[in-house]
There are 2 protein chains.
Amino acid sequence: MALRIDRSIVKPLPLFSRMSDSEIDLILSHASSSRAAQGETVFVQGTPANHFFLLLNGRLKVTQVTPDGQQIIVRVVHPGDLFGFAKALQRTDYPGTAHAAAESLYLAWPTSLWSFFVEQNPALAVSALQTIGNRLEEAHTRIREMSTQEVERRVAHAVLRLAGKAGRPEDGGIRIDFQISKQDIAEMTGTTLHTVSRILSAWEDRGLVEGGRQKLLVRDLTGLSRLAEGEK
Amino acid sequence: MALRIDRSIVKPLPLFSRMSDSEIDLILSHASSSRAAQGETVFVQGTPANHFFLLLNGRLKVTQVTPDGQQIIVRVVHPGDLFGFAKALQRTDYPGTAHAAAESLYLAWPTSLWSFFVEQNPALAVSALQTIGNRLEEAHTRIREMSTQEVERRVAHAVLRLAGKAGRPEDGGIRIDFQISKQDIAEMTGTTLHTVSRILSAWEDRGLVEGGRQKLLVRDLTGLSRLAEGEK
DNA sequence: CGCCTTATTTGACGCGGCGCAAAGTCTGTT
DNA sequence: AACAGACTTTGCGCCGCGTCAAATAAGGCG
């Protein structure tokens, strides 16, 4: 709550790109900023959605638990992403749980302001629509992959997406820039950690990636892409 | 293009619920209405998204074809649903193909008006957000099911959703109110028509449903629900 | 530094469900 | 009425991948 957020921090984000300075200032004036240490929880599935958020820095995983105890990762939240906007989904509670996969910094607004902002600020409405629209398209992509592709290809796609969204170039390749376990990858692709472990081991033998405890380094991006496209 | 659309036809739709009469009239004045006969195509995947639509009557299936020729059903469009609003997804082409599963009546607007409408009309923006939000949630539900449930439960859920959205009470049970093939159900649940056929045959033996060529009647809703919840 | 927890690896095994194939059935058409 | 085309059913064999089990490794912490 302490941090003062300067306009310049959020201005480059697509969400704010079409807003005037005064509009941005107005919105920021209602925000509170918070920090979440690695592993900390930002909101919990099923609790009242009192706030919606914008991730400034770090990385979050949003998970859902099914009634019978199975868990899936709904998505990974990257810097610049809105998250927890349950109101837009016509919900009063959070459909998932968000916790920090790395030290994270985010802004929070009371949910009650969502409609106000959107109605007050057409540019925000359009941005928000595009944000959710993108998310919808990602979800469809995932459905398509799960429907039609075997596990190895799905894992390849998931890793490629992570590399694109959270990849940091490193001497040996592209480092996934936050802690990610095989279990996480399994929950992102609809398989088991055992299968993921086997697949990554095989890839490691072929020099495509390099694993480690909660670590992942992509060595051969094009090789992995070929694999994702279905070539053996 | 000929039909005149009266305000009263669209007014009950949630999309328009928060709009004034004059706003509705303005929007309708830009719409053209069309009819699609059963089997006819409304738009094709990959073609420029020149229009967005609202289904007034009938039923559409939106499909996607993967590069390697696999097909999935992205969703079924029910009366009152917006569809083909690629603009909101930041796309210039349609990500899928829509064709009529039954005789359908719909409105069409030039895509170029989308931003205009949304910015001009905050209530529409909020409605559209909720519409897409709902769709996103549906997609997540589907992902969750595909990740964690075996085929039979997924099919049960799919049939229950159809019954809810497109069910017409009939003396023997609930009739799915449009032509739907096993292939369709397979593409909605990420399996093959063979498996769907087997599952429905088994259900028919147990008196849960009654099948037919492109027909489906749900006989025992609660029994099917139990099955969907995981009870054998 | 050694213990404890958590993540990972690997093997063995079995099965759900997919691929393949062929027969059966319904509907619209000529 | 017969035919063609589309949809459905059903059997069979195989295999990808989930399940079960157990060993190993890597950090974190006192």
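So, DNA strand C: the element that gives the most to the surface near it is α7(A), with 6 residues. Near here means that a residue's C-beta atom, placed from the backbone, lies within 6 Å of the molecule or strand. Helices are DSSP runs of H or I with at least four residues, strands are E runs of at least two, and both are numbered from the N terminus.

Quick caveat: this is a predicted model, where local features need pLDDT of at least 70, side-chain atom pairs count only at pLDDT 80 or more, and totals for chains, interfaces and linings use all residues. Residues are numbered from 1 along each chain as its sequence is written, and chains are lettered from A and ligands numbered from 1 in the order in which they are written.

Back to strand C. It has 20 residues around it, and the closest are Ser181(A), Ser197(A), Ser201(A), Glu150(B) and Thr195(B). Elements giving two or more residues to that surface are α6 (182-189) and α7 of chain A, plus α5 and α7 of chain B. By type we get 3 nonpolar, 11 polar and 6 charged. For that split, Ala, Val, Leu, Ile, Met, Phe, Trp, Tyr, Cys and Pro are nonpolar, Asp, Glu, Lys and Arg are charged, and the others, Gly among them, are polar.

Now, what surrounds DNA strand D? There we have 21 residues, with Glu150(A), Thr195(A), Ser181(B), Ser197(B) and Ser201(B) coming nearest. The top contributor to that surface is α7(B), with 6 residues. The split is 3 nonpolar, 12 polar and 6 charged.

On to the two protein copies. Chain A superposes on chain B by a rotation of 180° with 0.0 Å of shift along the axis, RMSD 0.0 Å; the fit is least squares on C-alpha atoms of residues with pLDDT of at least 70 in both. So the copies are related as by a two-fold rotation axis. In chain A, Leu136(A) has the C-alpha nearest that axis, at 2.6 Å.

One helix to look at is α5 of chain B, residues 151-166. Its 16 residues reach 22 Å from first C-alpha to last, close to the 22 Å expected at 1.5 Å a residue, where the expected span is 1.5 Å times one less than the number of residues. Buried residues in α5(B) include Val155(B), Val159(B) and Leu162(B). Buried means 20 or more other C-beta atoms within 10 Å of the residue's own, all placed from the backbone.

Last, chain A overall: 8 helices and 10 strands, with 43% of its 232 residues buried. Its C-alpha trace spans about 55 × 45 × 30 Å along the principal axes.

Methods:
Buried ≥ 20, exposed ≤ 12 C-beta atoms within 10 Å, placed from the backbone.
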